[in-house]
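Reader: I am new to this structure and would love a close look at one part of it, the sheet and its strands. Could you walk me through that part and then show me what else is worth seeing around it?

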Amino acid sequence: MRIAVVAPSIPILADAAQMVSAIAQARFPDAELYFHPQCFLVHNHFAGNDAARADAFVEVANDPGVDALWFARGGYGSCRIAEEVLGRLGKEARAKTYIGYSDAGYLLAGLYAAGYPKVAHGPMPVDVRREGGEAAVERVLAWLLSGARDSLEPSVGEAKVAAFNITVFSQLLGTSLQPDLRGHVLMLEDVSEHLYRTDRSMFHITSNPRVRQLAGIRLGRCSEVPENDPEFGETEEEIVRHWCERSGIPYLGRADIGHDVDNKVVPFGLPGGFVS
């Protein structure tokens, strides 16, 4: 399997790419990993300017020799290129698996909204730099190569599912990237957001008429939460429960996803996920 890595947001460091390539070579000999040179470009905040990031994505997505497109990391920037990228994809792009999380959610949402069948939320190469990050990288490679069940979030298989960062999902609602998630269980997670911001995002998310047709919401981990001043007085789970109750969306408990090395794979769509 040939897996191409691109960075639609901010750049990845060369040492992280080398670490991930070494893991693949040592433990997954059937994986051919290719880090596009664009991953290491720097333009202001981004991994190259908008055109460079879009061109790299389109190049590998339309390449019939590539089986999967793996987002290098999150950060910020994929929303600036998502609509252009989607308009330039050919038939070869529909056969690929796309996986990432965080800021990559803009592109995952747009792909899923456009009917791309193999879209998944899961760890990215940059996670190798976290303590214990090798396990996150191995989880994705095992799932891409063999569909390893233990790579998946435990509730996958019970219903149609999708997973997003809370802030990213809130921001893409009402845009051309918004996917139709009616009847899905939506898993949400976040990082480095004040609880009042999480509350505000959940108001926006649960107010959306199409979101109110979800089968339910599961909450992943909200990590590195800054202190509120004054203290907000509710936990992230209490916040999500509150807005689910007000909007009539079933709250289904916790999900094993988040900005950490334990982040599990969530293939969008049909129960049980697709065969990668």
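Author: Let's start with strand E8 (residues 216-223) and strand E9, which pair in the parallel sense over two bridges. If you look for Ile217, you will find that Tyr251 in E9 stands opposite. This is a predicted model, by the way, so please read everything here in that light. To get from E8 to E9, the chain passes through helix H8 (residues 236-247), and this β-α-β crossover is right-handed.

Now step back to the sheet that holds these two strands. The sheet is open and has four strands in the order E6-E7-E8-E9, with parallel pairing. At its edges are E6 and E9 (251-254), each of which pairs on one side only. On average, neighbouring strands in this sheet are turned by 20 degrees against each other, with direction ignored. As general background, the strands of a sheet pair through backbone hydrogen bonds, in either a parallel or an antiparallel way.

Let's move over to E6. Five bridges join E6 to strand E7 (residues 185-191), and the two run parallel. One pairing to look for is that of Phe164, whose bridge partner in E7 is Leu188. Between E6 and E7 the chain goes through helix H6 (residues 166-172), in a β-α-β crossover that is right-handed.

Is strand E6 enclosed or open to the outside? Five of the five residues of E6 (residues 161-165) are buried, so this strand is largely enclosed by the rest of the structure. You can follow this residue by residue: Val161, Ala163 and Asn165 point one way, Ala162 and Phe164 point the other way, and all are buried.

Back in E8, there is a cysteine to look at. Cys222 has a relative accessibility of 12% and counts as buried, because the cut-off for that is under 20%. Its sulfur is 12 Å from the closest cysteine sulfur, which belongs to Cys244, and that is too far for a bond. A disulfide, in general, is a covalent bond between the sulfur atoms of two cysteines. In fact, a search of the whole structure finds zero disulfides. Cys39 is likewise in no disulfide, with the nearest cysteine sulfur, that of Cys79, 18 Å away. Cys39 is also buried, at a relative accessible area of 0%.

Two more places are worth a visit. Phe71 lies in strand E3 (residues 68-71), and with a relative accessibility of 0% Phe71 counts as buried. Between Phe71 and His259 there are 14 Å in space, C-alpha to C-alpha, although the two are 188 residues apart in sequence.

Finally, take a look at a pair of helices. The axes of helix H1 (residues 14-27) and helix H5 (residues 133-146) come within 10 Å and cross at roughly 55 degrees. That angle makes H1 oblique to H5, and the crossing of these two helices is right-handed.

Terms used: Residues numbered from 1 in each chain as written. Predicted model: local features only at pLDDT ≥ 70, side-chain atom pairs only at ≥ 80, totals over all residues. Heavy atoms only, no water. Buried < 20%, exposed > 50% of the residue type's maximum accessible area, 1.4 Å probe, protein only. Pairing = 2+ DSSP bridges. Right-handed = clockwise from strand over helix to strand, strands pointing away. Disulfide = S-S within 2.5 Å. Axes fitted to C-alpha atoms, helices over the stretch in contact; angles between N-to-C directions. Parallel < 35°, antiparallel > 145°, perpendicular 65-115°, else oblique. Left-handed = near helix turned anticlockwise from the far one by under 90°.
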